Amino acid sequence: MNRLHKNCVTVLTVALVYCGPVGAGGFTETLPEGTFMLDEAFSMAWIDSIWDNSGSSAPLIEPIDRYEPGGGKQGVLNAEPSARYLILITQLQYGLLDDLAVGLGIPVVISTTVQPGLSWESGDYQRALGRPYSEQDFWDWAASMGQNRPGTWVGNRWTMSDMVLGLRFRFTDRLDGFEALGLSGALSLAGVLPTGQNADEEEIMSVGTTLWDLHMQGDLAIHLSFDKNFDAELDGRLRIGLDLFYEVFFPRELNAPEGDRHPLLLNFSPYVGETYDVKPGDFSGFALDLQVVPWRGPAWGTWLTDGSAEAADNFPPLLSISLRYTFIHLQQSDWRSDFPLWDWEREKFWRPGYKNILDARLNLSLLRIGVPLQFYVSYRTLNLIPGKNCRAAQVLSLGIQVPLKFW
């Protein structure tokens, strides 16, 4: 029975859109000096499968075989759980200089829903019963021990996730030769402020709201990025970007469940200890980004540019499409408690692996026609390209950006 809790808690995580410090466009974009950008996005993320250690798609939880003590097979407890997150992400960015920007990301989990998807496969004929062991028999036995059947869990209502503070410096602005080649390079740093909540250790299906629970990004991240703009060759209708990154997770201490609500499934503290330590595996990898401009749109002289159509032509295109591929290598996680065997049972679900992520994004900017609004819709999936030891999450996001300048 402990395997049910072990799997649910460790695999029901969601990889979400990176709540980065600056720029929804290229990897090296920064805001003009003295300009704010308010970005409000609604994201829905869902997951019902994983890429296992062999790189094959599998359910989040392995089947659990049940046997009579010294007897035949009772049956198989199957679980096909699924999880859904609804998240509101607020980002506020500010251009300290034309080549230096700072940003704050504030993710708030609106709600989380986890459905266990439990079913039963009957086993051998039981002479004492005169029939095979049924699903009802199994859960009646569990109930006699004080353990109810897990049901749908809904929680994390309007709960903070970890905030992200970031800084981006486009260093090529201060070097000769890069602008003529259409190249720009930037260094970005992002750090997590620990405002998220850990999963409730006494609930079987609960999941937390920290960025580690969401498998979103490390506690400290460094990115080295480059963009190539084809202004002269293709009239600015194509941009290619490369991002290299490393993200560190810091160790954390978690409370071990005592079985207050689930005495059969969550009574670990007597042999694990009251607390245990986890060092999540770090992330590293790269991303390739391609932005195409199918429609630049008109450039009107409006109040935003003091009537200058020439200045309006420097605003983003009215319609652009971005496609991005991201590869993330996952390092081994380290669990430490008073019971090494229990540690390994957790660690094997966080073994080294990798993610292959595809993103598609449609951007609509109205700045060129005098409306200070930008809209976008994006879709991220880990389902199309196989990974290893990672959760095959999908994310759909809708967002609006409002540029502001007060001086």
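This is a short talk through some strands, a surface patch, a salt bridge and a cavity in one predicted model.

Okay, hi everyone. Some housekeeping: residues are numbered from 1 along each chain as its sequence is written, and side-chain values use heavy atoms, with hydrogens and water left out. Since the model is predicted, local features need pLDDT of at least 70 and side-chain atom pairs count only at pLDDT 80 or more, while totals for chains, interfaces and linings use all residues.

Let's start with strands. When I say strand or helix, I mean a DSSP run, numbered from the N terminus: E and at least two residues for a strand, H or I and at least four for a helix. Two strands pair if DSSP finds at least two bridges between them.

Look at β7, residues 100-115. It pairs with β13 in the antiparallel sense, over six bridges, and L104 stands opposite L165 of β13 there. Now move along: β13, residues 163-169, is also antiparallel to β14, with seven bridges. In that pairing V164 faces V192, and R168 stands opposite S188. Then β14 and β15 run antiparallel too, joined by nine bridges, and S184 sits opposite D227 in β15. A handy thing to remember while you rotate the picture: in a regular strand the side chains alternate between the two faces of the sheet.

So what's on the surface? L96, L97, L167, L187, L189, I222, L224, F226, L242, L244, Y246 and L288 make a nonpolar patch of about 900 Å². Patch members have over 30% relative accessible area and no salt bridge; nonpolar side chains (Val, Leu, Ile, Met, Phe, Trp, Tyr) are joined within 5 Å, and like charges within 9 Å. Areas come from the Shrake-Rupley method with a 1.4 Å probe, and for residues only the protein chains shown count as cover. The elements giving two or more residues to the patch are β6 (82-97), β14 (183-193), β15 (220-229) and β16 (238-248). F226, for one, lies in β15.

β16 turns up again with salt bridges, meaning a Lys or Arg side-chain nitrogen within 4 Å of a carboxyl oxygen of Asp or Glu. The whole structure has 16 of them. In one, E29 meets R239, with the closest N and O atoms 2.8 Å apart. That pair links distant parts of the chain: E29 is in the loop between α1 and β1, R239 is in β16, and they are 210 residues apart.

Last stop, the inside. On a 1 Å grid over the protein atoms alone, a cavity is a set of points where a 1.4 Å probe fits but cannot get out. Volume is the space filled by probe spheres set on the points, which are joined across faces, edges and corners. There are two cavities of 30 Å³ or more, and the second largest holds about 80 Å³. Its lining residues, each with an atom within 4 Å of a point, include W212, H215, F249 and R351.

That's my tour, thanks!

Terms used:
1 Å grid on protein atoms, 1.4 Å probe; cavity = no way out; pocket = protein on both sides within 12 Å on 5 of 7 lines; lining within 4 Å.
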